[in-house]
Amino acid sequence: MLGLGKKDIALFMIVALLTLLAPFILNPFPEGSELAQFNAGYPDLMQRFVIFGIFAIGFNILFGLTGYLSFGHAAFLGVGSYAAIWMMKLLTMNVIPAIIMAVIVAGLFSVLVGYISLRRSGIYFAILTLAFAQMSYALAYSVLTPITGGETGLQPKVSDPRLFDGALAEGATPQANLFGLDMGASYEMAVGNWLFTFNAGYYVAAAVMLASFYVAIRIFRSPFGIMLRAVKSNQQRMNYTGLNSKPYTLAAFVISGMYAGLAGGLMVAMDTQVGPERMFWTASGEVVLMTILGGAGTLIGPVLGAGMIKYMENIVSKINSDILHTWFAFLPDGLEDVLVAMVYPFVGKGWHLTLGIVFMLVVIFLPGGLVEGGQRIMNLFRRKKRAGDDSTPAPKSHPAE
Amino acid sequence: MDAILLQILNGLDKGSAYALIALGLTLIFGTLGVVNFAHGALFMIGAFCAVTLQRFLSLSFETVDPTQTDFLGNPLKVKTPYVEHWFGPEIGGAIIDWSVPLAILVAIPVMVAVGFIMERGLIKHFYRRPHADQILVTFGLAIVLQEIIKYFYGANPIPTPAPDMFAGSLDFGALVGMAENSIIYPYWRLVYFAFAAVIIGSVFAFLQFTTFGMVVRAGMADRETVGLLGINIDKRFTIMFGIAAAVAGLAGVMYTPINAPNYHMGMDFLVLSFVVVVVGGMGSLPGAVLAGFLLGILESFASMKEVIDLIPGINQIIIYLVAIIILLTRPRGLMGRKGVMEE
């Protein structure tokens, strides 16, 4: 079905189910309860989950398959965002042209950057992409202010031309919509103590995410994807067989750039504003963290990583010392204070510290990220089941160099 | 003429910082073959050594001075730093005043220790992993170090003044026979440049003229053979890592009066320092120093008003632009050796 294998169908269905039911799944705690702050089921955060999921899926097509580590991917996200906001300013507040334009412009930009950067590999490639991204950031911040709005960024205004939309009433704020469906529109459903929010913008973003996840599966399973893996395992040998790998790596680079542009366009569609800080190199570093954390080279890993980082950024960062005190209140006073003092640096404003430590642990012990961790645990269980029949792993074969 | 001279001087202090960090990066890469993304964090830790020492020296106790009263008529509480109490106001005041240079003495052992722990505890296990893994794990380490500093010192920059003696500016123009006040240059920047020159000179002298340095250079050229000759090259490389960390730390200590240190200063410098290393050529020590000064001076030239009028925004992107051009036309960088990470 759909050109997917059985396992992929199952994976895709699970992801689809999870994204569609996310408003339920992410809201497990009733309103007003002590744990309600761990609910991630509000539209803003759910949108971020899927948008950064798309960004990370795209980054993974480059890094996970070809092994080229780009430290400048946020530039494509930023360029896509700017393109989208200009579509909203000039044509219409409908998100479709904005998103399409974001993908196209980011794709063109990544052709340019990729063509130049891919002439080198390894650390040089990382530095080249970083240099391009930092240049875009600096230019968006300063010289290109007429196009980018400089430090303040851009928002659609009532006075913008907008060829296809009717004139807005004075004082009204232009709302992003999909053929009239307002992106900010939400339907709230109260079940007992629970409050579930179904947001139009989230479902649009989720649909796009599922589509791009599907494309990513197809790329992973295609001969093209196998070629990209071959680049990762040994580019030199590929070159010796007389095959020019450049078109393949460039294609992968452009595809991942377009994914970044798509994410940028969606960000604008959900929240109609752009600023240059979106292109700063820390943003590029963040997508690297997401992909590695979840598992580079796996299908679902980047999405998991993106979700985990965004969850930490929005939920863990809100835990302050008062909340910690209520958690540990059952302990004797002295012990409570000690525990709070020990935990406090790792939550709240210090969530980056936890992120850094987790990231280091993953790189050191689990090069395959969370996905590999999950697989190892699964294997552990399976082995226990099969206790008795001694399964010796087949000896690894090493190809002759 | 004076404008050009002024820009060269302006470029020197930033260039010195680039050169010092790039020198350390190259030492680590040349010896251990590890790409250290946490090197900027080492620079930052050095800077916070200075902050810590200054705070430590200014620790004071309160006494009630009956001869003075505050505006409410109560006896005035006077804070006296312990140092002044012990050594008398003059010597004590001088010690507090000179806390930044004094921090060098503290920073050397601290940084060498940090370097040792980093190398033995973490980097050692990454010799044989791909460069991408090394970049990632040191990137993670940089985040951790930077967050630890943020936890203890807060997110705001902490002003750390230089000794009063160097507070003013030098009328450099008058010194070289031009009109007075044509070139004004702060003393501390001169000190920083001289300091950087001394450090760079001593690192090179150490590598060039000592037996230890000779062995290290031999190890950089061919690690395996040196190991086969029965020399414990790993131990020497670990020591070089400590030295590289100390160089970065000292660069940070002395940089505090120029820019008030904050927790992300390391990352800001790291990105540029990597560009510097790559421009100079991976693994080439003179290349790193040359590229550091060159890019520092280029940056300050690009921020001249005339240049900005000609090409707007050039001051923001010049370093990256140069890096891209050099990487594409001279893959080995300015002075890179053949065969070192050319792919």
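Visitor: How many residues does each chain put into the contact?
Guide: Chain A gives 35 residues and chain B gives 32 residues. Note that this is a predicted model.

Visitor: Which elements of chain A give two or more residues to the side touching chain B?
Guide: Those are α6 (122-141), α12 (281-294) and α16 (351-365) of chain A. The largest share is that of α6(A), with twelve residues.

Visitor: And how does that side of chain A divide into nonpolar, polar and charged?
Guide: There are 24 nonpolar residues, nine polar and two charged.

Visitor: Back to α16(A). Which of its residues are buried?
Guide: In α16(A), the buried residues are W351(A), L353(A), L355(A), G356(A), F359(A), V362(A) and V363(A).

Visitor: What do they pack against?
Guide: In chain A, the buried residues of α16(A) pack against α12, α13 (301-314) and α17 (369-385). From chain B, α5 (131-153) is also a packing partner.

Visitor: What span should α16(A) have, and what does it have?
Guide: At 1.5 Å a residue, its 15 residues should span 21 Å. The end C-alpha atoms are 21 Å apart, so the two agree.

Visitor: Changing topic: how many helices and strands are in chain B?
Guide: Chain B has 14 helices and four strands.

Visitor: What about its radius of gyration?
Guide: Chain B has 23 Å; a compact globule of 343 residues would be near 20 Å, which agrees. Its C-alpha trace spans about 75 × 50 × 35 Å along the principal axes.

Visitor: How much of chain B is buried?
Guide: Buried residues are 48% of the 343 in chain B. Of the contacts in chain B between residues at least 6 apart in sequence, 74% join residues at least 24 apart.

Notes
Residues are numbered from 1 along each chain as its sequence is written. Chains are lettered from A and ligands numbered from 1 in the order in which they are written. This is a predicted model: local features need pLDDT of at least 70, side-chain atom pairs count only at pLDDT 80 or more; totals for chains, interfaces and linings use all residues. Two residues are in contact if their C-beta atoms, placed from the backbone, lie within 7 Å. Ala, Val, Leu, Ile, Met, Phe, Trp, Tyr, Cys and Pro count as nonpolar, Asp, Glu, Lys and Arg as charged, and the others, Gly among them, as polar. The expected span of a helix is 1.5 Å times one less than its number of residues. A residue is buried if 20 or more other C-beta atoms lie within 10 Å of its own, exposed if 12 or fewer, and partly exposed in between; C-beta atoms are placed from the backbone. The radius of gyration is taken over C-alpha atoms; the globule rule is 2.2 Å times the number of residues to the power 0.38.
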